[in-house]
Amino acid sequence: MRLKKSHVVSGVLALALIGATGTAWYFAMQAQTPAQRAEEAAEPEDSVITVRVDQDQLIETLEFDAVFKRTGDFSVPAPAAPEGIETALASKIPLEVGDEVKAGTVILEVSGRPMIALEGDVPAYRDLTEGDTGPDVKQLQLALQQLYGTPQTGTFDARTVADVKKLYDNVGYDHATKSEEVATEGTGEEDTAGGDEGAEGDTGGDENTGGGQAATVERVVVPSSEVVFLPDLPMQVSKINAQQSAPVGTDQPVMVLASGDWKLEAKLDEETAAELSKENVELEFGDGPMEGQEVGEFELEVREEAAEQDDSGYYEGEEGEQQTQEVTYAVFAFDAEKLEEVEELVPEDEQEVTLVKARSAEDALIVPLSALWTDGEGRTMLTVLEDEGGKERHVEVKVTLRHDGRGVVEPVEGELAKDDEVVIAWRDRENA
């Protein structure tokens, strides 16, 4: 569309009018009377911040954490690396803390091979091969008996071989084998018929003078690194030290399993230990599985532990020995059957415990500690702001209990009552 000259002129005039109006509005906003400028330049009036005196009960508490544990722990040592592998690695960690371990459970995979839990009192100390005999074979058979009814003969026989294969099949791994050269006896006729040929073909190698033959036999093996005999099953995973794809070192167990009754214990600092040593201690369970339950009896146990590390490692004692320290623990008795979700309880779960150090009267006067100040004579004071005209008066008080930024006060000289306004800060007050 072609614009006419009149349209262009009208547009220019409209823009000019808008610009003039905006300029006039800006200068009008900037313009102030002398009184307005003086008001803005004047210092703000003095003001105070106050809070009301509360009337309630103040409880001084000390909180600490306890952890759930089982009475029996079993440390699972790191296994030897599988044959042909230089460094054993945690190739798979199938369990988590709190998981149940029973007969036939794979607790860890090391360099592609399983560590299988079985019940037994004696750790595996040798590889068991088909045909072996001994008390360790009996232990293996007794463990397999719980799963497959294996007879306990003391000999790694055909039935034991079959049940070992079942065990490995059920956990999803191939059973281990090893090859052996076994001599087989020949018949007399074979010896006679082949006598001349044998003599004639002698090349100076190993001579089978009896006419027997050697055959390679595959025998089933249970490596000692692939079975973990546990004294009490089922157990529960308490701690896992192994890390995925990392070497399994021998300096610590790959994991810790727990069984037995539950217990609740807390490692105490010096202040908490001193408070719990007093008579008639008042305790409450806070956040955790036992919240709301009554705290039963407890015992204090002093244990000797390795001293805490600093940046350079353990503190060293005399003659280079590692320094130890005494640590106090509180062990609480409780009935696990009263826990609604005891099946979901996991070792190292935390339970908050509250120690009540002191209680005030239920109608005590409570103020923020920031409202207290000390005069030139060393007296503890409060400033009360009167309703009429903001008049102030000072009240000497005695603080009988302090906790979490609040204090219970009793007036020594002057009056103080619930809902009185006490000053906690002044604004813009000269020399405040």
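The charged end of Arg303 sits right over the ring of Tyr329, 4.0 Å from the ring centre. A charge is taken to sit over a ring if NZ of Lys or CZ of Arg is within 6 Å of the ring centre and within 35 degrees of the ring normal. Arg70 turns up in a similar role, lying over the face of Trp262 at 4.5 Å from the ring centre. The model is a predicted one, in which local features need pLDDT of at least 70 and side-chain atom pairs count only at pLDDT 80 or more, while totals for chains, interfaces and linings use all residues. Residues are numbered from 1 along each chain as its sequence is written, and side-chain values use heavy atoms, with hydrogens and water left out.

Next come the aromatic contacts. A pair of aromatic rings is described by the distance of the centres and the angle of the planes. Rings of Phe, Tyr and Trp (its six-membered ring) are paired here if their centres lie within 6.5 Å; planes under 30 degrees apart make the pair stacked, over 60 edge-to-face, and the rest tilted. By that yardstick the structure holds 3 aromatic pairs. Phe68 and Phe334 form an edge-to-face pair, because their ring planes stand at 80°, with the centres 5.6 Å apart. This pair links distant parts of the chain, 266 residues apart: Phe68 belongs to strand β3 (residues 59–76), and Phe334 to the loop between β16 (324–332) and β17 (350–359). Strands (E, at least two residues) and helices (H or I, at least four) are DSSP runs, numbered from the N terminus. Phe68 is buried at 0% relative accessibility, and Phe334 is buried too, at 19%. The cut-offs put buried under 20% relative accessible area, exposed over 50% and partly exposed in between (1.4 Å probe, protein chains only).

The rings of Phe298 and Phe332 have their centres 5.6 Å apart, and their planes are at 40°, so this pair is tilted. Phe298 lies in strand β15 (residues 298–306) and Phe332 in strand β16, so the pair ties together parts that are 34 residues apart in sequence. With a relative accessibility of 25%, Phe298 is partly exposed, whereas Phe332 is buried at 3%. Ring pairs also bring in Phe285, which joins Phe298 and Phe332 in a cluster.

On to a sheet. Strands of a sheet pair through backbone hydrogen bonds, either parallel or antiparallel. An open sheet of 3 strands runs in the order β8-β10-β9, with antiparallel pairing. The edges are taken by β8 (128–129) and β9 (176–184), each with a single partner strand, so one side of each is left without a neighbour in the sheet. Two strands count as paired if DSSP finds at least two bridges between them; β9 and strand β10 (residues 213–222) pair over 9 bridges, in the antiparallel sense. Ala183 stands opposite Ala214 in β10.

As for empty space, the search used a 1 Å grid over the protein atoms alone. A cavity is a set of points where a 1.4 Å probe fits but cannot get out; a pocket is an open set with protein on both sides within 12 Å along at least five of seven lines; and lining residues have an atom within 4 Å of a point. Grid points are joined across faces, edges and corners, and a volume is the space filled by probe spheres set on the points. The whole structure yields 1 cavity of 30 Å³ or more, and the largest cavity has a volume of about 80 Å³. Its lining counts 13 residues, with Ala124, Arg126, Leu128, Asp136 and Phe229 nearest the centre. Two or more lining residues come from each of α3 (135–148) and β11 (227–230), and α3 gives the largest share, 3 residues. By class, the lining of the largest cavity has 9 nonpolar, 2 polar and 2 charged residues. Ala, Val, Leu, Ile, Met, Phe, Trp, Tyr, Cys and Pro count as nonpolar, Asp, Glu, Lys and Arg as charged, and the others, Gly among them, as polar.

The largest pocket offers about 340 Å³ of space. Its lining consists of 18 residues, and Pro82, Glu83, Asp127, Pro223 and Glu226 lie nearest its centre. At least two lining residues each come from β7 (113–119) and β9. By class, the pocket lining has 10 nonpolar, 3 polar and 5 charged residues.
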